[in-house]
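Let's take a walk through this one together. Have a look at the model first, and then we'll pick a place to start.

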Amino acid sequence: MNAVVPEVKKGSAGNYVFGPQMYYLLNCTMCGVGNFIVGLGALFAIWWATVYVITLNPDYSHYANFGLIPAFQAMPDLWMRGTIPDALVNSMYRLGMGLMYAIAIGVPVGIMIGRILWAKKLSNVPFQFVRMISPLSWEPIAVVAFTTWNDAIIFLVTIAAVWPIVYSTAAGLEKVDPNWFKVARNLGANPWHILKTIIMPAIAFDVLTGIRLALGVAWIVIVPAEFLGVTSGFGYAIQDAREGMTYDNLMAMILVIGAVGYILDSICVILIKKFSWVKDAKD
């Protein structure tokens, strides 16, 4: 009996060796890496060129330390002295605590206003009013209300991050088919079962999207918030570099802030894709 030999489609070397799916994966990965390198390289090139053009004028030669190369040169020393690790640990702790409180408050409130019509109508005006107040405007109140600077900063992060989570959660719940709840009740599901088996899986994508938006807002807020009376964190490190006029250290810390923020955002994107109901179409 003759063995059946599967037909191998002619095409590129990638298709022949790895198969269509592996070729697609490698192609997407290479495109992503290429876009990352080109985009980051363009940003660094603009940064370097801007400082170079400015420092061509001898009157502005002191701006040379704002350049890209001095910033990279300052990083090893900042790491060895513990400036970057210490700032990273303290800022991440405040960010994590603030986000934890924001999620603990935002998700239940979002479910309430997304599920209960009268709660949505009643809360719209006060929520929109408070949401439009800059989180940093709460600094004087936070300093008076909390016993430590750390707690005051966590409060500012929380009040900045809670609103994207609230409204993303509510928007996700409003998209759920009401018939799902009717069927669940007809089958004898109690409120806890409905929450666990219908609401949470259905809104996971939207909640994670809200957390991603909240993370971006919180990461922006935490640096100026750490200009308060704390002696740790990225905000303090930047303020210390500014007062000491070590501008290469200042720019190095800005690079680290951008890199950490990018990594955190990328983690959120991975989680969002994992819980997304809509899968990317493959060619």
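In which helix is Asp265 found? Asp265 sits in helix 11, which runs over residues 247–275. Keep in mind as you look that this is a predicted model.

Let's stay with that residue for a moment. Is Asp265 buried, partly exposed or exposed? Its relative accessible area is 25%, and since buried means under 20% and exposed means over 50%, Asp265 counts as partly exposed. Now see what it touches: leaving aside neighbours within four places in sequence, Asp265 is in contact with Arg212 and Leu215. Leu215 is 50 residues away from Asp265 along the sequence, yet the two C-alpha atoms are 7.5 Å apart in space.

Helix 11 also meets helix 4, so let's turn to that pair. As a general matter, two packed helices are described by the angle between their axes and the distance between the axes. Here the axes of helix 4 (residues 83–115) and helix 11 come within 12 Å and cross at roughly 45°. That angle makes helix 4 oblique to helix 11, and the crossing is right-handed. On the helix 4 side, the contact is made by Thr83, Ile84, Ala87, Leu88, Met92 and Leu95, while helix 11 brings Met253, Val256, Val260 and Leu264. Sort those residues by class and you get nine nonpolar, one polar and no charged.

Next, try helix 8 (residues 178–186) and helix 9 (residues 191–225). Their axes come within 11 Å and cross at roughly 165°. An angle over 145 degrees counts as roughly antiparallel, so that is how helix 8 and helix 9 lie to each other. This crossing, too, is right-handed. Helix 8 contributes Trp180, Phe181, Ala184 and Arg185 to the contact, and helix 9 contributes Ile194, Ile198, Ile199 and Ala202. By class, that gives seven nonpolar, no polar and one charged.

How far can you lean on all this? The protein chain averages a pLDDT of 82, and 86% of the residues score at least 70. Among the elements, helix 4 has the highest mean pLDDT, at 92, and helix 1 (residues 13–18) the lowest, at 45. Over residues 3–18 the pLDDT is below 50, and beyond near neighbours in sequence this stretch has eight contacts in the model. Where pLDDT is low, the predicted coordinates should not be read in detail.

Notes: Residues numbered from 1 in each chain as written. Predicted model: local features only at pLDDT ≥ 70, side-chain atom pairs only at ≥ 80, totals over all residues. Heavy atoms only, no water. pLDDT = per-residue confidence, 0-100. Helix = DSSP H or I, 4+ residues; strand = E, 2+ residues; numbered from the N terminus. Contact = heavy atoms within 4.5 Å. Axes fitted to C-alpha atoms, helices over the stretch in contact; angles between N-to-C directions. Parallel < 35°, antiparallel > 145°, perpendicular 65-115°, else oblique. Left-handed = near helix turned anticlockwise from the far one by under 90°. Nonpolar A, V, L, I, M, F, W, Y, C, P; charged D, E, K, R; others polar. Buried < 20%, exposed > 50% of the residue type's maximum accessible area, 1.4 Å probe, protein only.
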